[in-house]
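Me: I've just opened a structure I don't know. Could you show me how to read it, one feature at a time?

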Amino acid sequence: MPDSPDMGDLLETDDPEFQRVLSCVFGIQDHESRTYLVLLDNPGSTVAELADVLDRDRSNVNRSLTTLMEKGLAERRRRLLDPGGYVYQYTATPLPEAKGMLHEALDAWVETVHGRIDEFGSRSAE
């Protein structure tokens, strides 16, 4: 199975895992959806902390977090350190909100597909 599933992958699965649904609907890679799920269980994590939990390189985790933030699935806050400097901490969008976003995205896709079905053949009749 490819790292980034498409709608066909989802439709062919009788009981898709939430992680696969997340990847498919938002058009993200499986490792990015895994990062989201780990972040749900570890709010306020730094890139280094997530890299340890995920057993991935920090640069890869950083790219995953960037994608998640672009999709509205994570946010970043800067925390000042006592000796000076700062560190970024990441928090996942709460699961109920993410589920709502999934429903909205999927509903929009279904509406588009229904429109294509309804339009099919009407152009040749003109």
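What follows is a chat that goes from the overall layout down to single residues.

Reply: Happy to. Keep in mind from the start that this is a predicted model.

Me: Let's begin with the layout. How many helices and strands does the chain have?

Reply: The usual first step is to list the elements and then read their order. Here there are 6 helices and 2 strands. Going along the sequence, the order is α-α-α-α-α-β-β-α.

Me: How do I check that a helix has the length it should?

Reply: Take the rise per residue, work out the expected span, and compare that with the distance between the ends. Helix 6 covers residues 95-119, which makes 25 residues, and at 1.5 Å a residue the expected span is 36 Å. Its end C-alpha atoms are 36 Å apart, so the two agree. Just after helix 6 comes Gly 121, with a positive phi near 90°.

Me: And the two strands, which way do they run relative to each other, parallel or antiparallel?

Reply: Antiparallel: strand 1 (residues 74-80) is joined to strand 2 by 7 bridges. For a pair to look at, find Arg 77, which sits opposite Gln 89 of strand 2. The two strands form a hairpin with 5 residues between them, and in that hairpin Gly 84 has a positive phi near 115°.

Me: Now the inside. What share of the residues count as buried?

Reply: Of the chain's 126 residues, 28% are buried. As for the outside, about 8300 Å² is exposed, with carbon and sulfur atoms supplying 49% of that area.

Me: Which residues touch the most other members of the largest nonpolar core?

Reply: The idea is to look for buried nonpolar side chains that touch one another. The largest such core has 20 residues, and those touching the most other members are Tyr 36, Leu 39, Leu 50, Val 61, Leu 65, Leu 68 and Leu 73. At least two core residues come from each of helix 2 (18-26), helix 3, helix 4, helix 5 (58-70), strand 2 and helix 6. Helix 4 gives the largest share, 4 residues.

Me: Can I zoom in on one of them?

Reply: Try Leu 65. Apart from neighbours within four places in sequence, Leu 65 is in contact with Thr 35, Leu 39, Val 47, Leu 50 and Tyr 90.

Me: Do loop residues get buried as well? Where does Thr 46 lie?

Reply: Thr 46 is a good case, since a residue is called buried under 20% relative accessible area and Thr 46 has 10%. Thr 46 lies in the loop between helix 3 (30-41) and helix 4 (47-54). Leaving out neighbours within four places in sequence, Thr 46 is in contact with Val 87, Tyr 88 and Gln 89.

Me: What about contacts between residues that are distant in the sequence?

Reply: For the chain as a whole, take the contacts with a separation of 6 or more: 46% of them are between residues 24 or more positions apart. You can also pick a single pair and compare sequence distance with distance in space. Ala 105 and Phe 26 are 79 residues apart along the chain, yet their C-alpha atoms are separated by 7.7 Å. Ala 105 is in helix 6, and with a relative accessible area of 29% it counts as partly exposed.

Me: Last topic, charges. How many salt bridges are there?

Reply: The count is 3. With each one, look at the distance, then at where the partners are, then at how exposed they are. Asp 30 and Arg 20 meet with N to O at 2.1 Å. This pair links distant parts of the chain, with Asp 30 in helix 3 and Arg 20 in helix 2, 10 residues apart. Asp 30 is buried at 12% relative accessible area, and Arg 20 is buried at 14%.

Me: And the other bridges?

Reply: Glu 75 and Arg 77 form a salt bridge at 2.9 Å, N to O. Glu 75 is partly exposed at 37%, while Arg 77 is exposed at 55%. Then there is Glu 119 with Arg 116, whose closest N and O atoms are 3.9 Å apart. Both lie in helix 6, 3 residues apart, about one turn of the helix. Glu 119 is partly exposed at 34%, and Arg 116 is exposed at 52%.

Technical notes: Residues are numbered from 1 along each chain as its sequence is written. This is a predicted model: local features need pLDDT of at least 70, side-chain atom pairs count only at pLDDT 80 or more; totals for chains, interfaces and linings use all residues. Side-chain values use heavy atoms; hydrogens and water are left out. The expected span of a helix is 1.5 Å times one less than its number of residues. Buried means under 20% relative accessible area, exposed over 50%, partly exposed in between (1.4 Å probe, protein chains only). Contact means heavy atoms within 4.5 Å. Accessible areas come from the Shrake-Rupley method with a 1.4 Å probe; for residues, only the protein chains shown count as cover. A nonpolar core is a set of buried Ala, Val, Leu, Ile, Met, Phe, Trp, Tyr and Cys residues joined through side-chain atoms within 4.5 Å. A salt bridge is a side-chain nitrogen of Lys or Arg within 4 Å of a carboxyl oxygen of Asp or Glu. Two strands pair if DSSP finds at least two bridges between them.
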